[in-house]
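Q: Please take a close look at one helix of this protein and the loop that follows, and set that part against the whole chain for someone who has not seen the structure before.
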Amino acid sequence: MAGIGFELKKLFRRKGLLAGLRAYGCAGILCTGPMLLGVLLQLGILVLCGWAGAAKTEQDLLVCMVTDTLLASLTVTSLFAMPVTRFLADMLYEEQEQLVLPSFWGANALLLAGGCGLYGLFLLVSGATLLQGLLCLALFAEMIVNWNAMSFLTALKDYRSVLIAFAAAVGTAFGAGALLVLLARAPALEGFLFAVALGYGVMLMLDVWRLCRYFPDRQGSPWLFLRWVDRFLPLALTGLCTDIGLFAHLVLVWLGPIGVQVKGLFYGAPYYDVPALLAFLSILVTTVNFVVSVEVQFYPRYRTYYSLFNDGGVVGDITAAGEEMLAVLNRELFYTALKQLFTTAGVISLEALVMGYLPLGFNDLMHGYFRTLCVGYGLYAVGNTVLLILLYFTDYKGALGAALSFAGAAAGLTALSLRFDPAYYGFGFLAGAAVLFLTALLRLDRFTRNLPYRILGQQPVVAEEKAGAFTRLGLFLERHSLQKKEEA
């Protein structure tokens, strides 16, 4: 969501309290809207299930199927998300827009082929019926395209289109679910699962339509982006490891002592999942703050500093610009951490009062999970912000090291915590998030201590093309498609 900062600068140039509130409101809606709409969709479908008189087991199975499908699609697409964004940025910079859309379809083809094959095998042995499996697979395929399209749309800074598409998906899912189950009396589980798939199908059509409008010219190989995956493989692994670190503790708790086998291979842990979902919402303030404070304040100094290197600036100007850039960066990171600290403390303080008014059935164990995970997600949010700054300075190896540490620590320590009393389960993720925060912060401090050396002394004189496994796969697919055309 970083690029929205360029647009927000126009709002922040206006003086006054109302202008500031409008700018923060714009950032909040566009950055957190899709997340909040996704939560609203899950909760709304559950409310409709209750109105339809669906059994508790059906409601739990619906939640498990939708959650597993969304997490699986996010994990699969995370491998290509960052390299694809870098590819798109390079193509726009080189004014090669005609090469963008073919690569979008190529990325979808590979992700769908690999992802649907693996997830289809899971569904075959999961215990789902044929209709349930087909609906889950359809939702999975739709979300592969949706997450991939969001990578392109956010790189284009078209956040309003992303928000509109999510809102259309939620509205369609609610409407279709009400018509099918409440009026047509269709089976609740299959009816609402179809409604969710239909809603995200509407989102898919809107996203693809928007991309086709942006890039009407389509030339070149659909496998060109695979060269960027090889060239920026640390970016691909960073995205994958970050998602693994975020989701591993949920999956491990599902399989632990408090996990519930809903049906076949569909597991859940309601005592843990609900606090985790609500605690995750506490980091929205850092999402907005990163966009507004770090982007709007930091990026102009960042651009000035690197422009002096590119445009022949003198040493004195470069040194002064570098000191100013790092001073602004340190200040904004400090404010980001401070705001998240106050938010986390406030949420924990008011948690018992607020949860008492919500019909969520919180017990002492769930209250403990919520407080622990609020701290964990707060550390993750600030650590992830530092990781993104490492990517700004093209320290891809440092970012990958932090993401690997996060994934390993969050998964390993959560698995270790399952051997102890259930009250300690959330501490595995908390410790993993602390590892991410400390690793990324120490790496950023070390990297920026002698930034001119990092910029001048470690840059390659000649860029070498890396022909790895992904590039060879692209060449093979390109030759195969040419042979098909010749035979036709």
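A: Helices (H or I, at least four residues) and strands (E, at least two) are DSSP runs, numbered from the N terminus. The model is a predicted one, in which local features need a pLDDT of at least 70 and side-chain atom pairs count only at pLDDT 80 or more, while totals for chains, interfaces and linings use all residues. Residues are numbered from 1 along each chain as its sequence is written, and side-chain values use heavy atoms, with hydrogens and water left out.

The protein holds 17 helices and two strands, and the part chosen here begins with helix H14, which spans 396–417. Ala399 belongs to helix H14 and counts as buried because its relative accessibility is 0% (buried means under 20% relative accessible area, exposed over 50%, and partly exposed in between, with a 1.4 Å probe and protein chains only). Leaving aside residues up to four places away in sequence, Ala399 touches Thr238, Leu387, Leu390 and Leu391, where a contact means heavy atoms within 4.5 Å. The C-alpha atoms of Ala399 and Gly239 are separated by 9.7 Å, although the two residues lie 160 positions apart along the chain.

Past the end of this helix, Phe420 sits in the loop that leads from helix H14 to helix H15 (427–448). Phe420 is exposed, since its relative accessible area is 52%. Together with Leu413, Leu416, Tyr424 and Phe427, Phe420 forms a nonpolar patch on the surface, with about 500 Å² of accessible area in all. Such patches are made of residues with over 30% relative accessible area and no salt bridge, like charges being joined within 9 Å and nonpolar side chains (Val, Leu, Ile, Met, Phe, Trp, Tyr) within 5 Å; a salt bridge is a side-chain nitrogen of Lys or Arg within 4 Å of a carboxyl oxygen of Asp or Glu. Accessible areas come from the Shrake-Rupley method with a 1.4 Å probe, and for residues only the protein chains shown count as cover.

As for the whole chain, buried residues make up 48% of the 488 residues, and the accessible surface comes to about 22,800 Å², of which 66% belongs to carbon and sulfur atoms. The average pLDDT, the predictor's confidence in each residue from 0 to 100, is 84, and 87% of the residues score at least 70. Over residues 1–12, however, the pLDDT is below 50. Where pLDDT is low, the predicted coordinates should not be read in detail.
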